[in-house]
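Work through the following exercises with the structure open beside you, and attempt each task before reading its solution.

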Amino acid sequence: MELSLLLIKALIILAVFGVTLLIATYSTYAERKVAAFIQDRVGPNRAGPFGLAQPLADAVKLFFKEEFVPANANKFLFIAGPSLAMLTACMSSAVIPFGGTLIIGGEAIHLQAIEVNIGILYVFGIVALGVYGIMIGGWASNNKFSLLGAIRAASQNISYELAMGMSIIALLLVTGTLSMRDIAAQQGEELFGISGMNWNIFYQPLGFLIFIVCAFAETNRVPFDLPECETELIGGYHTEYSSMGMGLYLFAEYVNIFVASAVMSTLYFGGYNFPFMDQLGLPHNVVTILGTVVLFGKIFFFIFFFMWVRWTLPRFRYDQLMNLGWKILIPLSIANVILTGGAILLKQEFFQ
Amino acid sequence: MQSLSNRAKKLEKKPMNLSERMYLPAIFQGLSITMRHFFKKKATIKYPEETRPMSAVWRGLHVLKRDEKGRERCTACGLCAVACPAEAITMVAGERKRGEENLYREEKYAVSYEINMLRCIFCGLCEEACPKAAIFLQNDKLAPARYERDEFIYGKDRLVEPMPIELTSSAAAR
Ligand code: SF4
Ligand code: SF4
C-alpha cells in the first residue's frame, strides 16, 4: 500500500518535471513564432515540419559551444549561478495542483506532486530564491555589466516581491487557506448557479492586476527586463556566459514563465475548474482529466500573454520601474488588503 | 533666444492625465494592435521554394549566345569589357584554326571569357555594347549565393549557352 503510494507520487513528480521541461522547451519555439507573427513574419520554419525541431537544434547548438569561464571569474560560483537559477525554477511547480482527483480502484489520487499546507508560501519562497542564481552568476563573472545587471535584478525582485506578497495576502483573506489544493478546490464551487465558476478573479480583480504586473517583474520579462537590458548592459547578468550556462539561464526564464502562469491560473482563474463542471453529469475521472486539460489551456494562454506583452511594450526606464513598484503598486496593494478586509468584515456583520 | 525665422513653435509637454498615468488603456491599445498583426497576412516570401515574379526586362545572369548553326557568336572584340562600368569582364582572344568553323562564327574568338559576378552590377551595358548580339542578361536566372569568392568568377563553361540538341545530333551525323 505504502509502496504503491510512493510509486504513484514518483510518477506524478516525474510527469510534472517532464511536462515543465517540455513546455519550457517549446516556449522558446513559441516565443519566436509569436514574435514573428506579431511582426508579420513566419518565424522558424526550416528545422522539421513548421520548424518544430527548432528547440532541439538550439539545444544541440548550445551544447557544442565552448563553455567559457573568464580568467578572473570565480569558477565555482560562475557555474553555480545558472545551476541555481535552473534548480529554483524547476522546484516551484511541485506544489501546483494540476488536476482534481482520479479515482482508480476506490483509491483517490491527487494530481499534484506534493501537498504542503503552506503551498503559496513555498512558491513564494522558491521564487525569491531564484534571484540568487542571477546574483551569483552576475557577481562571479567579475564584469561590471554583469554586476550591474545582477544588482538590478536583486533590487527589482525585492521591490516587486513586496507588492506581490501584499496582493497574495488579500487573496488569502478571501480564501482563508494557504494550501494550493484547497484554494483550487474552493474555486470549484457554485457562483450564480454555475458550478466551477467561483474564481478568485471575481473577488480580487485589483489583486490579480498587481499580481500579474509583479509576475512580469519577477520573471524578468519585458517590460521589466532591466537585468538583461541590452541597450545599457550588453547582456546583463549573462554577458559572460556561453554554451549551456547561457542555455540554463534562458531556459530558467521560460520555466519561470510556466510556473508563474500556472500559479496565476491556480490562484485567480479557477485552476483546474471549468464552468458547468458538475452539471454536465460526466463521470468523475473524465471531469478530472478535462479539468487538467482546461488548466493547461489557461496556462498556455498566460504564457502566450507573456509573449504578447513582450512584443508589444517597450522596456521601462529604471527610475520608472522603481516608481511603479514603490509608489504605485505597494500603496495599491495595501489599499487592496484593507478594502478586502473591510468587505469581509461587512459581509460577516450584515449578511450572516 | 530669438529664433531666426520666428516660426519656431513652442512645445510644452502636457502633464499626463489619470488614464495616461495608469498606463493600462495605452497597454491594451498596444496589445490590440499587435494582435491585429498576429492574424495579418505575412510579408515573407519563402525564398528557395517560392520566388518573386520577375519582370520581363529583369537583368539577371549573363549568357553567351550561339547562332542558328550552334557557333559561338562572340568575337572577342572587347567592347563589352570597355563598356562595363564595373570592369567585371576579362577575356583572352584567339584566332580560329582551320576546322573550327563549326565552333566559332568569326575568325577571332574568345579563348577565355570571364565575368566576375561580385563586381558586376547587372547594368546590362555589355549587352548594349555587343555588336555581335553575343551577350545577353537573362530574365529568369540569378547569380546564386556561393561559399567561395572564386566561385563567383564565371568562365565560358558556365556562360556559353549549351548546344541545342538538334544541332549536336546533326553535327554528329555530319
Ligand atoms: S551587366 Fe554591366 S556590370 Fe555586369 S558585366 Fe555587363 S556591363 Fe559589366
Ligand atoms: S560579347 Fe560581344 S562585345 Fe563582348 S567581346 Fe564578345 S562580341 Fe565583343
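**Exercise 1.** Locate the bend in α11(A) and state which proline follows.

*Solution.* In this predicted model, α11(A) bends at A:L329 by about 35°, and the proline A:P331 follows within four residues. Next, compare the span of the helix with expectation: residues 318–350 of chain A make up 33 residues, which at 1.5 Å a residue should span 48 Å, and because the end C-alpha atoms lie 46 Å apart, the two values agree. Finally, turn to burial: the buried residues of α11(A) include A:L321, A:M322, A:L324 and A:G325, as well as A:L329, and what covers the buried residues of this helix includes α5 (144–175) and α7 (205–218) of chain A.

**Exercise 2.** Identify which residues of the largest nonpolar core touch the most other members, and which helix gives the most to this core.

*Solution.* The largest nonpolar core has 82 residues, of which A:Y160, A:F224 and A:L267 touch the most other members. Helix α9 of chain A (residues 243–267) gives the most to this core, contributing 12 residues. Leaving aside residues up to four places away in sequence, A:L267 touches A:I120, A:L171, A:M180, A:I183, A:Q187, A:N200 and A:F211. Another core, of 23 residues, lies apart from the largest one, and among its members are B:L61, B:A76, B:M117 and B:A134.

**Exercise 3.** Describe the surroundings of ligand 1 by its closest residues and by residue class.

*Solution.* Ligand 1 is surrounded by 13 residues, the closest being B:C84, B:C120, B:C123, B:G124 and B:C126. Sorting this shell by class gives 11 nonpolar residues, 2 polar residues and no charged ones.

Methods. Residues are numbered from 1 along each chain as its sequence is written. Chains are lettered from A and ligands numbered from 1 in the order in which they are written. This is a predicted model: local features need pLDDT of at least 70, side-chain atom pairs count only at pLDDT 80 or more; totals for chains, interfaces and linings use all residues. Side-chain values use heavy atoms; hydrogens and water are left out. A nonpolar core is a set of buried Ala, Val, Leu, Ile, Met, Phe, Trp, Tyr and Cys residues joined through side-chain atoms within 4.5 Å. Buried means under 20% relative accessible area, exposed over 50%, partly exposed in between (1.4 Å probe, protein chains only). Helices (H or I, at least four residues) and strands (E, at least two) are DSSP runs, numbered from the N terminus. Contact means heavy atoms within 4.5 Å. A residue is near a molecule or strand if one of its heavy atoms lies within 4 Å of it. Ala, Val, Leu, Ile, Met, Phe, Trp, Tyr, Cys and Pro count as nonpolar, Asp, Glu, Lys and Arg as charged, and the others, Gly among them, as polar. The expected span of a helix is 1.5 Å times one less than its number of residues. The bend at a residue is the angle between axes fitted to the seven residues ending there and the seven starting there.
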